[in-house]
Structures are given as structure tokens and as C-alpha cells.
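Let's work through a few exercises on pockets and the residues around them. Keep the viewer open and try each task before reading its solution.

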Amino acid sequence: MGKVYVFDHPLIQHKLSYIRDKETGTKEFRELVEEVAALMAFEITRDLSLEETVVETPVGPAKANRIAGKKLGVVPILRAGLGMTDGILRMIPAAKVGHVGLYRDPETLKPVEYYVKLPKDVEERDFIVIDPMLATGGSAIDAISSIKKRGATNIKLMCLVAAPEGVKAFNEAHPDVDVYLAAMDEKLNDHGYIVPGLGDAGDRLFGTK
């Protein structure tokens, strides 16, 4: 079963408190989501392997470490995942970006892909799939199924807040994918919203509420 990591770093928790606050406006909300995504990227890449190299400082040669040629991909789930993308790219500017867009057919309730675009070398990359919310788990489950179908084998899921019900469903569907969160919330309500959550992340990011 995939592991679930909840980051308790004080900076992440501090900024998350303002993200949750209903009085936080669109501009500040967007900036805070980017900042928390950058801080989470710092944590999620902790296990990247390093290789030793030598660089010339102004004084002389020095042994140094650089990331060992690991190819990374960042895949926001449209549309709310876009709000986390720039924050991660600030920390990992060499990462390639893919996109996954899905909607659920109102009659069959099955996921329909309306947009999937990934880097060409899918099999060679480690992917971080991002979405601010993991509520029922449906979108993340379907998005990662789409990515796996195209050859990805090493995937992590990164969300700001999650409900236990969504994490359980996700772990059962993708036991090989670890989940990284800023907070595990209490529950889902009758409308499928995370409680206490942060509202509709897409609406708050893009000012469409």
C-alpha cells in the first residue's frame, strides 16, 4: 500500500492557515498556493539521488553534489492543479510539464479524457501529479490511470488537503503511488466537499466563485 506523508513544517502550516481563510482574496490565495507548492516540492524531492562533481570556486576546486541526471515531470490535474505548477517549477526549473484534463460523464459516471499531454520520454521520468484537493479521490485516480496507460511507472501525488475517504480510495486504486499532503482533514460532507477544507480551490484560484 502506498505511503501517506503529511508535512508538518511550520512554514507550510502557517501559509495553509491563510489559504483556508475565507477572507483571503484571489491574488493572495494564488500566491500562497504557489508558495506552499514550492515548500512541498522541497520535501517531496528529498530522496533524489546525488552524484559527486568538482566545481571551480573563485578560490579553487571544490567537491560538490548535483542531482544524478534524474528526469522529472510535473503533471497538474486541470484546472486547479495549475495553481501549484509555478511554485514547483521555481524549485525544479528543469522539470517538464504535462497536463491531464478529465470530466465525468453525467450518465455513465465514467471518466472522459478531454486533454492529456505528457513529455515524450514518459517511461524515463519520475512524475509528480498535483491537485490542491483530494476529496473523493476520483479525479486523482483517473488522472494517474491515464498517465500509467501511457507508460509512466514512477509517480507521486501531491495535494494541499485531503479527506480520509479520498486517501483510502486512492490507496486502494493505486497502491504503488505515495501521497504527499499539507493536511489530512476531518471528512467529506454530503456534497463531497472536504471539511474543513478550503472551499473550491479552482474558483478561489481563478476568481470564478
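**Exercise 1.** About how much space lies in the second largest pocket? Then list the residues closest to its centre and sort its lining by class.

*Solution.* Keep in mind that this is a predicted model.
- Step 1: the second largest pocket holds about 290 Å³ of space.
- Step 2: 14 residues line this pocket, and the closest to its centre are Leu48, Ile67, Leu72, Met91 and Ile92.
- Step 3: by class, the lining of the second largest pocket splits into 10 nonpolar, one polar and three charged residues.

**Exercise 2.** Now turn to the largest pocket: what is its volume, and which element supplies the largest share of its lining?

*Solution.*
- Step 1: the volume of the largest pocket is about 700 Å³.
- Step 2: its lining has 27 residues, with Asp131, Met133, Ala135, Ser139 and Asp200 the closest to the centre.
- Step 3: at least two lining residues come from each of β6 (99–104), β9 (133–134), α4 (138–149) and α6 (201–206).
- Step 4: the largest share, four residues, belongs to α4.
- Step 5: sorted by class, the lining of the largest pocket has 14 nonpolar, eight polar and five charged residues.

**Exercise 3.** Where does UniProt place the feature "binding site", and which residues of this set are in the lining of the largest pocket?

*Solution.*
- Step 1: an unreviewed UniProt entry places the feature at Ile194, Gly199, Asp200 and Ala201.
- Step 2: Ile194, Gly199, Asp200 and Ala201 from this set are found in the lining of the largest pocket.

**Exercise 4.** Take two residues of that set, Ile194 and Asp200. Is isoleucine 194 buried or exposed, and where does aspartate 200 lie?

*Solution.*
- Step 1: isoleucine 194 is part of strand β13 (residues 194–195).
- Step 2: its relative accessible area is 6%, and buried means under 20%, so isoleucine 194 is buried.
- Step 3: leaving out residues up to four places away in sequence, isoleucine 194 touches Met133, Leu134, Ala135, Val161, Ala162, Ala163, Asp185, Lys187 and Leu188.
- Step 4: aspartate 200 sits in the loop between β13 and α6.
- Step 5: with a relative accessible area of 30%, aspartate 200 is partly exposed.
- Step 6: with the residues up to four places away in sequence not counted, aspartate 200 touches Arg79 and Tyr193.
- Step 7: finally, look at the side chain of aspartate 200, which reaches the backbone nitrogen of glycine 202 at 3.0 Å.

Methods
Residues are numbered from 1 along each chain as its sequence is written. This is a predicted model: local features need pLDDT of at least 70, side-chain atom pairs count only at pLDDT 80 or more; totals for chains, interfaces and linings use all residues. Side-chain values use heavy atoms; hydrogens and water are left out. On a 1 Å grid over the protein atoms alone, a cavity is a set of points where a 1.4 Å probe fits but cannot get out, and a pocket is an open set with protein on both sides within 12 Å along at least five of seven lines; lining residues have an atom within 4 Å of a point. Grid points are joined across faces, edges and corners, and a volume is the space filled by probe spheres set on the points. Ala, Val, Leu, Ile, Met, Phe, Trp, Tyr, Cys and Pro count as nonpolar, Asp, Glu, Lys and Arg as charged, and the others, Gly among them, as polar. UniProt positions are given in the numbering used here, feature names are shortened, and annotations may be inferred rather than shown by experiment. Buried means under 20% relative accessible area, exposed over 50%, partly exposed in between (1.4 Å probe, protein chains only). Contact means heavy atoms within 4.5 Å. A polar contact is a pair of N or O atoms within 3.5 Å; within protein, one must be able to donate a hydrogen and the other to accept it, and residues adjacent in sequence count only if both atoms are side-chain atoms.
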